[in-house]
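User: Before we discuss how the terms are used, please show me the sequence and the model together. I would like each label to be checked against its cut-off.

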Amino acid sequence: MLVEREQDVLRAASMYYLQDLKMEVIARHLGTSRSTVSRLLRHARDTGLVEITLRPSSTRAPGLGRSISSTFGIDTYVVPVPDSAGSVERLDQVAMTAARLIGSWFDSDMVMGVAWGTTIAAVSRYLAPKPTRGSAVVQLNGAANMRTSGVEYAADLISSFGSAFDAAVHHFSVPAFFDYPDTKDAMWRERSVRRVLDMQRRADLAVFSVGAVAGAVPSHVYSAGYLDESDVRRLHDDGVVGDVCTVFLRADGSWADVSLNGRATGPTPAQLERVPRRVCVVAGDNKVAPLLAALRARVVTDLVVDEVTATALVEAVGTRTSARPR
């Protein structure tokens, strides 16, 4: 019965989108009602069998995507948005595209690592249900901070990814930043923490954004009590422009000798590089500098970005070297 339904979905979608037949005609062909055809077409869109992409003739997205891909050796998905689009619209459009792509990449018996943040929370709201078997979603960085536990925020976000794919969920119940590197080293020897770290190392797919130190709207990690004033001053003194998974980066992509990284709980760029597919989702003018740093640190394999931010990125790169030497 299930096979027959899937065949009907495919036949209805082919006749509607490829042969340009009306729903009434399709209904007669399938021996069903117009409302049933409508449901079949909706199912085709929801499951990704049919993907609808709008490409306004004036968009620069295809050219920008090719430029970024060739410069950094990654796959780039530039989401067309008008220059007049506000920050909320740009984030929503990017989140919808990222959610669709993640749904197409993630499947049974896979592990997905997810970093919390405003952008990834937006992605979670657009995930279409896709039942999988034997899969898992693991939190990539701790969430507790000086003002609140932060755990509920991160737990809800990670759980929404797990619910979308019927995947087992592995939370990371540690602070976003430890007060002392020695404390982190001790915690990393605990069996409960090592179990989560092992799951992170098994990830087939990592989903994250970049955090921006500067700009009109600082990223969540800089505005929600995760760092004190002395920490922020130290980041500026170290030349930090942003972070990936709460690991701080300079503009050239370097990170190893940034002092606060010894207390951070997220995977380092070197650890992230071991994940086969690393999806970075970005929207916002203040994200250009940290995005460029992340690209230079080689932590991205797939970039989903809005057209306005992509334009600013290409302008920022110019003819300069795009990635630091290994």
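User: Leaving aside its neighbours within four places in sequence, which residues is T311 in contact with?

Analyst: This is a predicted model, in which local features need pLDDT of at least 70 and side-chain atom pairs count only at pLDDT 80 or more, while totals for chains, interfaces and linings use all residues. Residues are numbered from 1 along each chain as its sequence is written, and side-chain values use heavy atoms, with hydrogens and water left out. With those conventions, T311 touches R60 and L64, where contact means heavy atoms within 4.5 Å. T311 itself is placed in helix α14, helices being DSSP runs of H or I with at least four residues and strands runs of E with at least two, numbered from the N terminus.

User: Why is T311 called buried?

Analyst: The relative accessible area of T311 is 14%, and the label buried applies under 20%, exposed over 50% and partly exposed in between (1.4 Å probe, protein chains only). Because 14% falls under the limit for buried, T311 receives that label.

User: What makes E307 and R60 a salt bridge?

Analyst: The term requires a side-chain nitrogen of Lys or Arg within 4 Å of a carboxyl oxygen of Asp or Glu. For E307 and R60 the N to O distance is 4.0 Å, so the pair meets the criterion at its limit. E307 belongs to helix α14 (residues 307-317) and R60 to the loop between α3 and α4 (61-72), so the bridge ties together parts that are 247 residues apart in sequence. E307 is buried at 4% relative accessibility, whereas R60, at 35%, is partly exposed.

User: How many salt bridges does the whole structure contain, and what are the values for the pair E24 and R34?

Analyst: The search finds nine salt bridges. One of them joins the side chains of E24 and R34, with 3.1 Å from N to O. E24 lies in helix α2 (residues 23-30) and R34 in helix α3 (residues 34-46), ten residues apart. Both count as partly exposed, since E24 has a relative accessible area of 40% and R34 one of 45%. R90, D285 and D306 are also linked, in a network of salt bridges.

User: Are the two partners of the bridge between D257 and R250 buried or exposed?

Analyst: Their closest N and O atoms are 2.7 Å apart, yet the labels of the partners differ, because D257 reaches 56% relative accessibility and counts as exposed, while R250 stays at 17% and counts as buried.

User: Why is the aromatic pair of F172 and W188 called tilted?

Analyst: Rings of Phe, Tyr and Trp (its six-membered ring) pair if their centres lie within 6.5 Å, with planes under 30 degrees apart counted as stacked, over 60 as edge-to-face and the rest as tilted. The centres of F172 and W188 are 5.7 Å apart and their planes are at 55 degrees, so the rings pair and their angle falls into the remaining class. F172 is buried at 3%, and W188 is partly exposed at 22%. Together with F178, these two residues form one aromatic cluster.

User: What makes K184 count as lying over the face of W188?

Analyst: A charge sits over a ring if NZ of Lys or CZ of Arg is within 6 Å of the ring centre and within 35 degrees of the ring normal. K184 is 5.5 Å from the ring centre of W188, which satisfies the distance condition. Likewise, the charged end of R277 sits over the ring of W105, 4.1 Å from its centre.

User: How do you know that β9 pairs with β5 and with β10?

Analyst: Two strands pair if DSSP finds at least two bridges between them. Strand β5 (residues 205-208) and β9 share four bridges in the parallel sense, and four bridges also join β9 to β10 (residues 302-306), again parallel, so both pairings meet the requirement. C280 in β9 is the bridge partner of F208, and L303 in β10 is the partner of C280. Strand β9 (residues 277-282) is mostly covered, with five of its six residues buried.

User: Why do β6 and β7 count as paired, and what is the strand order of their sheet?

Analyst: Two bridges join β6 to β7 (residues 240-244), so the pair just meets the minimum. One bridge partner pair is A212 and G242. The sheet is open, with the order β6-β7-β8 and antiparallel pairing; its edge strands, β6 (211-212) and β8 (247-250), each pair on one side only.
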